[in-house]
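Q: Could you take a close look at one buried or exposed position in this structure, and then at the surroundings that help to place it?

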Amino acid sequence: MHVSSWRTTYSGLLPEDFLESLSATHYAERWKRVIADGSSRVYVAENDGEIVGFASGGRERAGETGYEGELYAIYVLDSAQRRGLGRELVRSAVAGLRELGLDDMIIWVLRDNSHARAFYERLGGVYVRTQPITIGPVTLEEVSYGWRRLDDVRY
Ligand SMILES: CC(C)(COP(=O)(O)OP(=O)(O)OC[C@H]1O[C@@H](n2cnc3c(N)ncnc32)[C@H](O)[C@@H]1OP(=O)(O)O)[C@@H](O)C(=O)NCCC(=O)NCCS
């Protein structure tokens with residue numbers, strides 16, 4: 001699901017051959033390790049027993065001043081978007097951050113991923129800053145949105 005969502009989300013933003021080269025087996029192994037490790041919180045959205053979305057979050061990873069919590073990733077399959085699952089996944093991830101004793105949240109998103117940016121802005125995220133990011137063979141720009149308090153997330 002993660003790989004398939006990357007392919008549709010980043011088509012046109014990342015090179016097609018790079019997206020084709022992503023391995024579902026490799027991602028599945030990585031997810032098993034992340035879940036077993038237990039330091040992040042991972043949530044899935046299901047439809048008829050199939051995973052159609054996920055979100056993960058935990059302690060902020062890069063030393064960003066002013067933020068201790070981070071929403072690491074959130075993906076909902078194209079066919080399941082705009083039905084409120086993204087909002088519910090954020091609600092779960094925010095509860096997970098609270099369990100970890102964190103009270104704020106930052107998220108990084110590709111600058112040109114306008115749909116996801118609209119989603120974060122709708123949830124009340126405030127633009128923080130822009131930086132370069134290298135993904136596979138290309139360097140793009142990513143922007144961050146922050147919520148200084150988890151209570152500031154607007155569902
Ligand atoms: C971003 C994403 C997680 C949102 O999930 P979703 O389930 O589609 O979003 P929801 O249905 O919960 O939307 C909540 C609100 O966000 C806003 N929103 C969501 N998608 C939007 C879009 N494509 N354009 C504009 N606003 C959008 C709307 O205000 C929406 O409320 P509404 O439908 O009542 O108008 C989902 O579109 C997705 O997985 N996209 C591809 C992967 C991706 O880009 N992930 C982020 C990587 S950083």
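**A close look at E64**

A: In this predicted model, E64 has a relative accessible area of 13% and is therefore buried, since that value falls under 20%. The residue sits in the loop that joins β2, residues 50-59, to β3, residues 69-76. Its side chain makes a polar contact with the side chain of R129, at 2.8 Å. When the neighbours within four places in sequence are left aside, R129 appears again among the contacts of E64, together with I106, W108 and V128.

Another residue of that loop gives a useful contrast. A62 also lies between β2 and β3, but its relative accessibility is 69%, so A62 counts as exposed. From C-alpha to C-alpha, A62 and W6 are 22 Å apart in space, with their positions 56 residues apart in sequence.

The loop between α3 and β1 offers a further buried position, S40, for which the relative accessibility is 14%. Beyond its neighbours within four places in sequence, S40 is in contact with V34, G57 and Y72. Although S40 and L100 are 60 residues apart along the chain, their C-alpha atoms are separated by 8.7 Å.

Turning to the ligand, 21 residues lie around it, and those that come nearest are I74, V76, G84, G86 and N113. A polar backbone atom of G86 is 2.7 Å from an oxygen atom of the ligand, and for R87 a backbone N or O atom lies 2.9 Å from a ligand oxygen. In the case of N113, a polar side-chain atom is placed 2.8 Å from an oxygen atom of the ligand. N113 belongs to the loop between β4, residues 105-110, and α5, residues 114-122, and with a relative accessibility of 11% it counts as buried. Apart from its neighbours within four places in sequence, N113 is in contact with T9, Y10 and L13.

The second largest pocket has a volume of about 280 Å³, and 13 residues line it, with M1, H2, W31, I51 and F54 lying nearest its centre. The elements that each give two or more residues to this lining are α1 (2-9), α3 (24-37), β1 (41-47) and β2. Of these, α3 gives the most, with five residues. By residue class, the lining of the second largest pocket divides into eleven nonpolar and two polar residues, with no charged ones.

Two loop residues deserve a separate word for their backbone angles. Most residues other than glycine have a negative phi. D48, however, has a phi near 50°, a positive value in a residue other than glycine, and R82 likewise has a positive phi, near 60°. D48 is found in the loop between β1 and β2, where its relative accessible area of 78% makes it exposed. R82 is in the loop between β3 and α4, residues 85-99, and is exposed as well, with a relative accessible area of 85%.

To return to the position that was asked about, E64 is a buried residue in the loop between β2 and β3, and its side chain is in polar contact with that of R129.

Note on methods:
Residues numbered from 1 in each chain as written. Predicted model: local features only at pLDDT ≥ 70, side-chain atom pairs only at ≥ 80, totals over all residues. Heavy atoms only, no water. Helix = DSSP H or I, 4+ residues; strand = E, 2+ residues; numbered from the N terminus. Buried < 20%, exposed > 50% of the residue type's maximum accessible area, 1.4 Å probe, protein only. Polar contact = N/O pair within 3.5 Å; in protein donor to acceptor, adjacent residues only side chain to side chain. Contact = heavy atoms within 4.5 Å. 1 Å grid on protein atoms, 1.4 Å probe; cavity = no way out; pocket = protein on both sides within 12 Å on 5 of 7 lines; lining within 4 Å. Points joined across faces, edges and corners; volume = space filled by probe spheres on them. Nonpolar A, V, L, I, M, F, W, Y, C, P; charged D, E, K, R; others polar. Near = heavy atom within 4 Å.
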